[in-house]
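Okay, thanks everyone, I'll keep this short. Let me put the structure up and then walk you through it.

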Amino acid sequence: MTIDSAVSAPLRSMPAASPRARAKGKGRATTAIAHLVMVILSIFCLFPVYWMVVSSLRPPNEIYDTSLWPTGASLDNYAYALKAIPIVRMLGNTLVVSTVVTIAQLITGLLAAYAFARWRFRGDKFVYTLVALTWLVPFQVVMIPDYLLVSNLGLLDSLSALILPHLAGALAILMLAQAMRSFPREVIEAARMDGARSWRILWEVIMPNLRGTIASLAILVFISTWNEYFWPLLLSRSPENSVIQIGIQMFMTSEGTAWGPLMAASTMASLPILFIYIVLQRQVVQSFMKSGIR
Amino acid sequence: MSDLAMTASVPPPRRRHLLPWLYLAPAILTLGLWIYWPLIDAFRLSFYEWNMLPTAEPKFVGWQNYENIFALQKFWQSLNNTVIYVVGLWPLAVLLPLAIAIYTHDLPRRSRNVYRAIIFVPLIIAPVVAAAVWRWLLDPRYGLVNEGIGTLGYRAVRFLQDPKIAIWTIIVLTGWKLIGFSTLILSAANANINPSLIEAARMDGATRWAVIRDVRLPLLRSTVLFLTLMTILLGAQWSFSYIQVLTGGGPLGATTNIFYILWDFGFSSLSVGWSSAAAVILFLGFGLLAFILFRLIDRYSFHDN
């Protein structure tokens, strides 16, 4: 969370570029090269996504066409992909898992953060440290015991197994705890004077004031759960009970790859995320930058 | 810092002790059940030989799994590759973004916002989707990249099939997801530098390069260190999905790393003991590395506020 302080301030108030640097002739050449650098970087970053969409829209017999522009758009690849695997069902599953995980992490995060921010109690530092240190445990290290746990619970090949380990997340707890610590104590004092219990103070006084942090977290958790691949990979057996990331992988077999449908499935899997990004671009960027790298 | 903590309310003492734990319970239960208990279980399983079948009985073998792993050439190859991943990723995740962030600092705000919106996109694209698209772009026969190389008159490059090239391909793909994000982080930190410091240096006749070297770089040090730390600790982990989807650790183990080998032992060879022993080694090594790095960062990072 070190990055937080370094990043959040300038995001809100980027100082305008120094006018002196731009006015001079030499400055103009530098600016032109700077534009060039950014354009190249932008193409590198965006082109694969563009190519995915363009390829997905090509008629199947033109899939090896290399024209950079789509020629004669067709939805045949989409039709094929939708018939080959239950994509709609998988997208629905992904939506359910991501939504439940997001809401659950916000609730458990708010509760835990409140405990840390409101009270001093024996072991509080210890528990807080344990929460903060969870990122030191790579998922690959605990995957077998986790897998065995799911299997012992009889939950293999079920959506609940995808959700359960994510009911609480360290990032949500820590970000909310940080936000709550800067909450003015006078407001809580006043609420307490009015006879409000801790439960009501949390939901009626504190939570409404943390809307920004909660929105950021919701975006972060939703996107990362939507994109998660490794845990579903361990658990999925049947396509009907799996998520879209597994569906994409099904088009890449050792016998060969159906490129058109693969690109169509990939596009369908990305559309919801890209839609969120287009609508909430500023907030999405800020959320990710505030949280550091995930 | 935690001024809220002092405002503890006055209900009867016993309830007061219990209350925070009630609020913490859901989080503690989840993290305990799915992270910390499994971690302990991984230690236990590393001393057993078992193929995960419910019908088979786990057999205690002591340190045998560790001895076997250390004798395995594949394990050392994966460790070696892990280092290559981190070292190869660093220029893409830190150095290049740093140069770009400093160089494009003077761009007008409008266009900078557009670039920023674009270079962020790879980060939110799912790793599997990214792997699928790059597999398509880099296909030796029909991929666009090799079409381009062919047009220039060169022979097709087997990006993911050539043992010498494959690991670098995976590194660049992992970097693709990070480069824009790192650039944004560093640009933000760069824009945060007090303009009067730069102005003062210019007044003293400092050249553009001198300003960068003596003012900007020292002030960006903590951000650079942070990104470096993340790359060292998580770089190899980020490449997992690409390895799993694109190369399966091959060709000839050329793209395997320590994270992938855990998966390979566990779910391809179905050897719980080997995978757990490797997991324990990874966890301890990872923890030690993190401890050392945090110590270093504490000592060398620049505290300007």
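I'll go from the overall make-up of one chain to a helix pair inside it, and then to the interface.

Just so we're clear, this is a predicted model. So, chain A: we've got 16 helices and two strands. Of its 294 residues, 42% are buried. And if you take the contacts in chain A between residues at least 6 apart in sequence, 74% of them join residues at least 24 apart.

Now the domains. Chain A splits into domain 1, residues 22–79, and domain 2, residues 86–250. Their centres, taken over C-alpha atoms, are 36 Å apart.

Okay, zooming in on a helix pair in chain A. That's H5(A), residues 87–118, and H12(A), residues 211–226; their axes come within 9 Å and cross at roughly 145 degrees. The crossing is right-handed. Who's making the contact? On the H5(A) side you'll see, among them, Thr94(A), Val97(A), Ser98(A) and Val101(A), and H12(A) brings residues including Ile214(A), Leu217(A), Phe222(A) and Trp226(A). By type, the residues of this contact come out as nine nonpolar, five polar and no charged.

Last bit, the interface. How many residues of chain B are in contact with chain A? It's 88, and they meet 89 residues of chain A. On the chain B side, the largest share comes from helix H1 of chain B, residues 13–45, which puts in 17 residues. As for the character of that side, we're looking at 64 nonpolar residues, 17 polar and seven charged.

That's me done, happy to go back to any of those views.

Methods:
Residues numbered from 1 in each chain as written. Chains lettered and ligands numbered in written order. Predicted model: local features only at pLDDT ≥ 70, side-chain atom pairs only at ≥ 80, totals over all residues. Helix = DSSP H or I, 4+ residues; strand = E, 2+ residues; numbered from the N terminus. Buried ≥ 20, exposed ≤ 12 C-beta atoms within 10 Å, placed from the backbone. Contact = placed C-beta atoms within 7 Å. Nonpolar A, V, L, I, M, F, W, Y, C, P; charged D, E, K, R; others polar. Domains from an automatic or database assignment. Axes fitted to C-alpha atoms, helices over the stretch in contact; angles between N-to-C directions. Left-handed = near helix turned anticlockwise from the far one by under 90°.
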